[in-house]
Amino acid sequence: MRKEILNRESLSMDELMLALRTFILLFTALMFLWLIQMLVSNQPFSLAGISEIHKQNPSIWLADTLPLILGIFAFLYHRKNNNIIQEKQNIISEQKSRIEKYTQYANSIGMGDYNFAIETSGEDDKLGQSIQLLQNFLRLNQKKESDLNWINEGKDAISRILRLHNKIDVVAFNVLKNLINYIQAVQGALYVYDEERKLLVNAATYAYNRQKFLRQEFKIGQGLVGECAYEMDFVYRTEIPDDFITISSGILGDQKPRSLLLIPLITEEKLQGVIEFASLNDRFPKLTIQFLLELGETIARTLYNLKINQKTETLLEESRSMTDELRQNELTLQENAEEMKATQEELRKSNEKLEAKITEVQNAQGKLHWLLENASEVISIYSADHQMTYVSPSVTRILGYTPEEMMLGKDFERLSHDGANDLRKLITQAIEDPASSQTIQYSFVKKEGDRIYLESTAKNLLDDPAINGIIVNSSDITERRRAEKEERLKTRMQSLSENSLDMIIRLSATGHFHYANPVVEDYIGIEPSVLLNKALGELSFSEDLYNYFKDSLDRMSEKPVKTNHELSLPVKMGEKLSERIMSIDAIPEITGNELETILFVGHDITEAKRIEKEIQVKNKNINDSINYAQRIQSSLLPDINVIRKSLPESFIYYKPRDVVSGDFPWFFRKGDIIYYAAVDCTGHGVPGALLSFIGFFLLNSIAERSEGKSAADICNELHQSVRRTLKQDTENPDSRDGMDIAFCKINLKTKEIEFAGAHRPLLFLSEGELTEYKGDRKAIGGIAMGKKIEEDFVNNLIPFKKSDKIFFFSDGITDQLGGPYGRKYTINRIRDKILENPGYTMQQFNAMFEEDFNEWQKGFKQLDDVLLIGVEF
């Protein structure tokens with residue numbers, strides 16, 4: 001500034017000296033003019049002479065003013081040029097100063113220092129604005145890099161601990177201790193899931209830099225630890241439950257933590273444990289939660305491996321113990337072997353003497369074995385306690401089992417329960433009454449799997465020292481029983497045919513009538529006795545029936561398979577001739593691979609056809625009613641084009657399971673307040689649609705008079721209104737129906753969202769981070785839980801800004817089975833899809849979710865109505 005003042009003073013002096021020199025020069029010229037005029041006028045060169053020449057020639061006065069005028073003009077002209085030069089110099093100086101300043105900024109950025117203030121020269125300073133944008137981008141990158149380094153350092157530290165130790169308790173304590181110190185929590189606990197006992201068992205507790213020895217166990221769903229395990233998702237609380245165990249500190253006393261964070265330890269979709277942290281700070285940073293969620297799977301995988309290793313060590317220890325025991329037994333056997341050698345030598349001599357006698361006995365037994373092996377029945381001997389002591393070799397040929405297998409229990413094992421009891425009773429009766437001879441029949445499953453029937457006779461020879469048992473002779477009577485059964489069936493079939501209301505006809509392969517029951521006369525007007533042994537072409541009856549018999553004979557001769565055909569026959573009912581509809585089965589009867597006869601069984605289905613037509617008419621009426629209900633429901637649902645007038649960037653993915661739906665979107669605007677909800681009523685189809693009408697009109701009524709009410713207040717009022725409407729607040733109510741809801745109250749003026757949910761969550765996406773606001777674990781409507789005090793819905797207040805996004809949905813999308821393993825779609829898949837594409841527009845999200853859900857469902861039936869709503873602000 002001082003330099004500029006000096007420059008200006010210097011310019012003023014130069015201007016003054018220039019004006020003075022110009023004035024002196026012009027004044028000298030003027031004096032020369034006076035001198036010439038005085039010489040011409042002969043006037044003396046004096047003041048009097050000068051005065052005289054002015055009197056003689058007044059124009060000299062004009063010449064006198066010329067030096068002054070020209071001097072002033074020269075002064076002004078020079079001053080203007082100097083001002084222009086000064087302005088150019090100032091601009092150059094300012095540009096030079098700005099370049100030096102931006103050079104300093106660039107040097108700071110190059111040194112990695114992004115925390116400096118940038119001064120710009122207004123909107124025209126494009127370079128300054130660009131450097132400012134670059135600074136913000138680099139500062140954000142530096143923050144992300146710092147966060148990533150923090151997470152990676154934490155993961156590396158925990159990974160080192162996981163590699164160092166191989167005991168679950170030691171790993172649990174060291175991991176818990178280091179994590180608490182790393183995330184600056186005050187206390188924590190690690191629970192390992194015991195799959196056999198279905199319990200979460202406390203493996204380590206650490207608080208205030210000391211290990212605590214607490215033994216706690218939780219069932220799945222019990223407390224916050226059990227809830228975290230049940231949901232298989234992290235639990236974050238800033239409102240600490242009254243029953244939370246507070247660990248005392250010598251410095252802090254019994255101060256209760258202000259925030260809780262529980263992380264499930266999951267690997268390959270299997271729960272391995274839960275880790276719990278408590279902090280005296282009001283909140284856990286999002287970076288800490290992200291770090292713990294990423295680390296959870298690594299810890300879970302290590303716990304899983306340690307469990308496997310622990311089981312392996314137990315098995316190895318048992319194996320070592322068994323090996324030691326076997327070694328002791330081996331030493332004992334060696335001692336016994338030496339004693340046996342002496343005994344064996346004595347036995348060898350005795351055996352030599354016996355071999356000759358054995359040879360004789362073997363020859364006799366060989367003859368007996370051949371006779372028994374080729375016998376037509378199985379001969380077995382049972383002791384008094386029902387144990388088989390002998391069975392003839394013929395058992396292998398007849399039953400498929402070796403004698404050794406039968407002796408090991410196959411005699412009773414391959415019988416039915418009743419057959420085994422009958423065989424035991426047979427043996428018992430033979431013991432109690434030795435003189436009697438009892439016979440039973442029962443089924444037996446052969447080794448090849450075929451079921452045969454045996455007839456067994458028992459005889460008591462307990463007093464015979466050669467037998468000393470009960471002899472049971474068993475023979476295969478399967479063929480005999482089959483022949484008897486066929487004879488009984490023929491007799492029974494004949495009786496059934498004679499008394500059947502169906503038309504039964506048997507035609508030979510040559511087209512001759514072999515049998516006709518009495519009902520035939522009612523349908524074709526010919527007595528059965530007239531039909532017998534007549535050829536098809538010899539009789540006169542309905543042309544359609546004749547053609548059917550002839551076509552069936554032709555088809556059966558080429559391909560003898562059972563067929564069914566419906567045929568209308570003119571039947572005389574009293575004086576009137578009416579049409580009867582017959583369902584006729586043509587059954588080929590084959591003997592020796594040749595078609596022998598065809599059995600025609602005709603059943604009168606006239607009444608069934610009439611009822612079928614009535615059902616079709618009723619179904620059409622029902623479908624028409626459902627379609628009309630669908631048009632009514634569609635007219636009540638909000639139009640997406642109307643919604644986009646208030647929320648331009650939004651979408652609704654709506655896929656009812658049936659024609660009408662129990663899920664519905666609801667939209668209502670009142671000034672700057674927008675009410676938006678996804679409602680899931682109990683059931684689907686017509687019942688769900690009827691309940692949706694109740695929810696729709698109740699919400700409209702409540703919203704009309706919602707001044708000053710929060711989202712939670714509206715849900716509470718809807719809850720009570722549904723109960724009153726369905727009379728669930730009376731004694732012994734009949735209805736347990738209700739609805740789940742994700743309810744949003746959006747204030748466009750204050751840019752705030754109020755959210756309340758009944759079993760349904762809301763996902764909030766802001767700057768690439770996704771936050772889940774869970775709904776309360778209670779439904780809208782339903783029967784009150786006895787005397788238990790029912791808590792109100794929780795109101796969540798969420799500030800939003802431009803480009804933030806929200807998503808809320810019914811459980812129809814998350815519970816849908818599909819994919820390669822037939823598993824649920826899950827809320828985790830929705831979260832992952834959103835985080836993979838945070839920059840998508842709402843239209844892109846709509847297309848992406850529709851395509852992904854349809855691909856997931858491919859090959860599986862839709863289980864429930866599907867509703868997904870997305871909004872970008």
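In this predicted model, strand β19 (residues 663–670) is largely enclosed by the rest of the structure, because 6 of its 8 residues are buried. Strand β20 (residues 673–681) runs antiparallel to β19, and 8 bridges join the two. One of the facing pairs sets K670 opposite I673 in β20. The two strands form a hairpin with 2 residues between them. In this hairpin, G671 takes a positive phi near 70°.

An open sheet is built from 5 strands. Their order is β9-β8-β12-β11-β10, and the pairing is antiparallel. The edges are held by β9 (388–391) and β10 (438–445). Each edge strand has a single partner, so one side of each is left without a neighbour in the sheet. On average, neighbouring strands of this sheet are turned by 30° against each other, direction ignored. Within the sheet, strand β8 (residues 378–382) is joined to strand β12 (residues 469–476) by 5 bridges. These two strands run antiparallel. I381 has I471 as its bridge partner in β12. In a regular strand, side chains alternate between the two faces of the sheet.

Two helices lie across strands of this sheet. Helix α9 (residues 403–413) lies across β8, β9 and β10. The angle between α9 and β9 is about 130°. Helix α10 (residues 417–432) lies across β8, β10, β11 (451–461) and β12. Relative to β10, helix α10 runs at about 150°. Strands β8 and β10 are thus crossed by α9 and also by α10.

The loop between β8 and β9 contains S383. Is this serine, S383, buried or exposed? S383 has a relative accessible area of 15% and is buried, because the cut-off for burial is under 20%. Leaving aside residues up to four places away in sequence, S383 touches T389 and I427. T389 falls within the range of β9, 388–391. I427 falls within the range of helix α10, 417–432.

A nonpolar patch lies on the surface. Its area is about 790 Å². F27, M31, F32, L35, I36, L39, V40 and F45 make up this patch. One of these residues, M31, lies in helix α1 (residues 2–41). The relative accessible area of M31 is 34%. M31 therefore counts as partly exposed, a class that lies between the limits of under 20% for buried and over 50% for exposed.

Notes:
Residues are numbered from 1 along each chain as its sequence is written. This is a predicted model: local features need pLDDT of at least 70, side-chain atom pairs count only at pLDDT 80 or more; totals for chains, interfaces and linings use all residues. Side-chain values use heavy atoms; hydrogens and water are left out. Two strands pair if DSSP finds at least two bridges between them. Helices (H or I, at least four residues) and strands (E, at least two) are DSSP runs, numbered from the N terminus. Axes are lines fitted to C-alpha atoms, for helices over the stretch in contact, and angles run from 0 to 180 degrees between N-to-C directions. Contact means heavy atoms within 4.5 Å. Patches are made of residues with over 30% relative accessible area and no salt bridge: like charges are joined within 9 Å, nonpolar side chains (Val, Leu, Ile, Met, Phe, Trp, Tyr) within 5 Å. Accessible areas come from the Shrake-Rupley method with a 1.4 Å probe; for residues, only the protein chains shown count as cover. A salt bridge is a side-chain nitrogen of Lys or Arg within 4 Å of a carboxyl oxygen of Asp or Glu. Buried means under 20% relative accessible area, exposed over 50%, partly exposed in between (1.4 Å probe, protein chains only).
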